[in-house]
Amino acid sequence: CLATMAQVTMASRAALLLTAVLSQAADDIGKARASGSGGQGEAAALELETEHIALWTPPVVEALCRDDDTSRRMLAQHLLPALFECLPRIVGGILKALPAYRRPESDATTQSLDACRQHALIVVLKVARAQDIITIDRVVAMDTQLPAAGSLSMLDMLNQAVFHPDLSVRGDMLGLLCESRKLATPLSDTEYDLLFKLLRVSASAPSADFRQQQFGALTTLAARLVTVATHADRIVTTGRPPVPSQKIRHRERARREEAVARGRAEGKSEAQVLSELGVLPHDEMVRQAKAALQGVEWAVGKWLDLAVRGCLYPGAGFAKVAMGLRWLDILTAFFTPGRPAQAPDSAMAPFVVSALGSPDFRSNPSSTRHGAGVTAEEIVTVLTQVLIDDPFDANRASAFALLTSWPLVSADDNDAAAAAREWASQLLRRALHLVSSTRAGESESGALIIRWLFRKFVVLQGMRLDTGDGSSDVPGDLGFAAGLLSRIVQCQQAAERNLLDAAQHFPLHGLLTAAQYVVAEIDYQSSDVQTHAVQWQQWLQALAQAAIDICSVVLSVLTSASPEGNIPASFREMETKIDDIIRSAEEMNIGDSVDGADDGDDEDLLGGESGLGGSAGPRQQVILSYCWRAVKEVSGVLAAAATCPPGSDQVSLDSGVAPLLEPALLRQIGELLHTLLTSIRHRGAFSAVHPAFTDV
């Protein structure tokens, strides 16, 4: 039957038969205990249980060390819980037998015996801990009692399991360290050591399944840490343990009285009996509670340091950065000061993690890299670097979500607010440089930085950040938006003069993306916006008009008969000769020529000669990329301008909210998007316009 456990379809059936045998053995032990009088029945039951343990231990150990991960997982799922429930003392026998187990020489295996024994040890401990049979500290104590026979100790096996080649085994070990039957059970120093070793080694694991498994286990760990700290803080504050329910109190009192009576009959004192039951004196209980609280604070600080300095450094890979961001997400969810914790039976984290609070930009974030602990300003700076430097959209989105939920700088402290304004201004200047980049990733990063600064510092904090030609006579948010619009108009005018020069030096897609974010972040029903409703309405109309003018400039390129560039789309399939390619490129005109062709000094719309004698081919590709990106972001801006501000049909007369969207503007936006869908031939531009048209 144990060999059959390796088959997934037969494991449950084999376990059903074995469970019936175990139930019969448990009944026999119970009958032996009840048949004798005094201590004879207990001795008979103990002897019978020892016989069953001796019968079951060797085949179970052999099955656990088999060269098959499926067999171990099926045993852990179907058989081991029932085995440990019927024969609790067998756990010690299995743990003692695992380090000394050797396979028969005739067995042909593909996995090393050490790797299989490590996984078997993790499986046994995980099931036993779920039933409160054993702890890691007891495993360490058992190691000291085992004879040194040349085999590794169980603690050495657990340390080696940290580097196990199978990530699923590491996931099982992480579950062993993070999960507990009682959330209030504190972690020991050995568990903390194994946990952070495992996190450090597995930070760059490429497996998405392992990262998801790790996220679930670490979320459970965070809930456990909060509960442990809450209970420990209550003991330190009140001097007594948390009061359980009345039913549990009666049950514990009855169990204690029965144990004391039995111990006195055996000649033991009451203090000895209470010590065996785990009932501690008052001073010892308070001392252990303080140690548990200090352990949780140390663990959170260590975890935070590993997430920020161990994962979010320049040049880190995608998996490591993603892992660090997920860890920060868990830590901020459970340990941000003032935020209700998600763990049961606790209203708030009982201690303050200053690194997860409001940043203080009066200190230099770079100087704290080699300090004692991570600071809030260091974390915020690192997250902005992820937004700027990371090439992956998923990591940038995670960093932006963390920055958005981060606590703000207190407006009561003038010095801190001034330092924060100076820091934000420097970051804004860098973001404005990024949105002017021709690279899509850099421009998107700059737009996200502008969105975050506008939301957190301009709208919520009321800071005035300069984006360009914004007027100082208007509120900070309106001045921020006006400065952004002036930059868009400058780029639009450059495109009207020369498409090639605009594509190379005045790219539009980053600024348009930032404008789309700003339109979406404005609270149009707030009192500040409604006070300047006319000016906001004018800004929205000017932004929409600038987007429409941009479309009129680039539309001629995207409606060309061959919008995919200067080379026909069927070139690769037809294997056209190079002479035909040159001839077709010379005949193609992807833009309207500038008037005054008779004047030899005038240039065409492409900014140079249109033949391939120069660099017209690459130039046309640059212009095409510029045009379709511009149309993509223009459609997003128009969709935001048509859907975010309230229209006359969305507000009532007695609501006090002025409509900011004119019906004529909405009709103009809809007609333009319809024209784009029915006229452009570039497939990428068409797929970008369609969602915007659907939203409108």
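1. A nonpolar core here is a set of buried Ala, Val, Leu, Ile, Met, Phe, Trp, Tyr and Cys residues joined through side-chain atoms within 4.5 Å. With that in mind, the largest one in this predicted model has 204 residues. If you want a way into it, start from F84, W303 and W539, the residues with the most contacts inside this core. As a bit of background, nonpolar side chains tend to be buried together in soluble globular proteins.

2. Next, the overall picture. You're looking at a chain with 28 helices and 0 strands. Of its 696 residues, 46% count as buried. If you take the contacts between residues at least 6 apart in sequence, 69% of them join residues at least 24 apart.

3. Back to the core for a moment: which helix gives it the largest share? That's helix α23, residues 533-558, which supplies 15 residues. W539, one of the residues with the most contacts inside the core, is worth clicking on. Leaving out residues up to four places away in sequence, W539 touches L478, A481, A482, L485, V518, V519 and I522.

4. Helix α23 also holds A542. Is A542 buried or partly exposed? Its relative accessibility is 34%, and buried would need under 20%, so A542 counts as partly exposed. Its C-alpha atom is separated by 9.8 Å from that of S486, a residue 56 places away along the chain.

5. For a contrasting alanine, try A161 in helix α7 (residues 154-161). A161 has just 1% relative accessibility, so it counts as buried. Setting aside neighbours within four places in sequence, A161 is in contact with Q118, I122, R170 and M173. The C-alpha atoms of A161 and D114 are separated by 9.1 Å, and the two residues are 47 apart along the chain.

6. Now for the empty space. There are 2 cavities of 30 Å³ or more, and the largest holds about 80 Å³ of space. That largest cavity is lined by 11 residues, and P359, P407, L408, W452 and F457 are the closest to its centre. Helix α18 (residues 440-459) gives the most to this lining, with 3 residues. What classes of residue make up the lining? It has 10 nonpolar, no polar and 1 charged residues.

7. On to the rings: the whole structure has 8 aromatic pairs. One of them is F318 with F392, a tilted pair at 4.7 Å centre to centre, with 55° between the planes. This pair links distant parts of the chain, 74 residues apart: F318 is in helix α14 (residues 318-335), while F392 is in the loop between α15 (376-389) and α16 (393-404). Both rings belong to partly exposed residues, with a relative accessible area of 31% for F318 and 38% for F392.

8. W423 and F457 make another tilted pair, with 6.4 Å centre to centre and 40° between the planes. W423 sits in helix α17 (residues 414-435) and F457 in helix α18, so the pair ties together parts that are 34 residues apart in sequence. W423 and F457 are both buried. You've met F457 already, as one of the residues closest to the centre of the largest cavity.

9. One last thing to look up among the rings: Y192, F196 and W298 are linked into a cluster by ring pairs.

Definitions and conventions: Residues numbered from 1 in each chain as written. Predicted model: local features only at pLDDT ≥ 70, side-chain atom pairs only at ≥ 80, totals over all residues. Heavy atoms only, no water. Buried < 20%, exposed > 50% of the residue type's maximum accessible area, 1.4 Å probe, protein only. Helix = DSSP H or I, 4+ residues; strand = E, 2+ residues; numbered from the N terminus. Contact = heavy atoms within 4.5 Å. 1 Å grid on protein atoms, 1.4 Å probe; cavity = no way out; pocket = protein on both sides within 12 Å on 5 of 7 lines; lining within 4 Å. Points joined across faces, edges and corners; volume = space filled by probe spheres on them. Nonpolar A, V, L, I, M, F, W, Y, C, P; charged D, E, K, R; others polar. Phe/Tyr/Trp six-rings, centres within 6.5 Å; stacked < 30°, edge-to-face > 60°.
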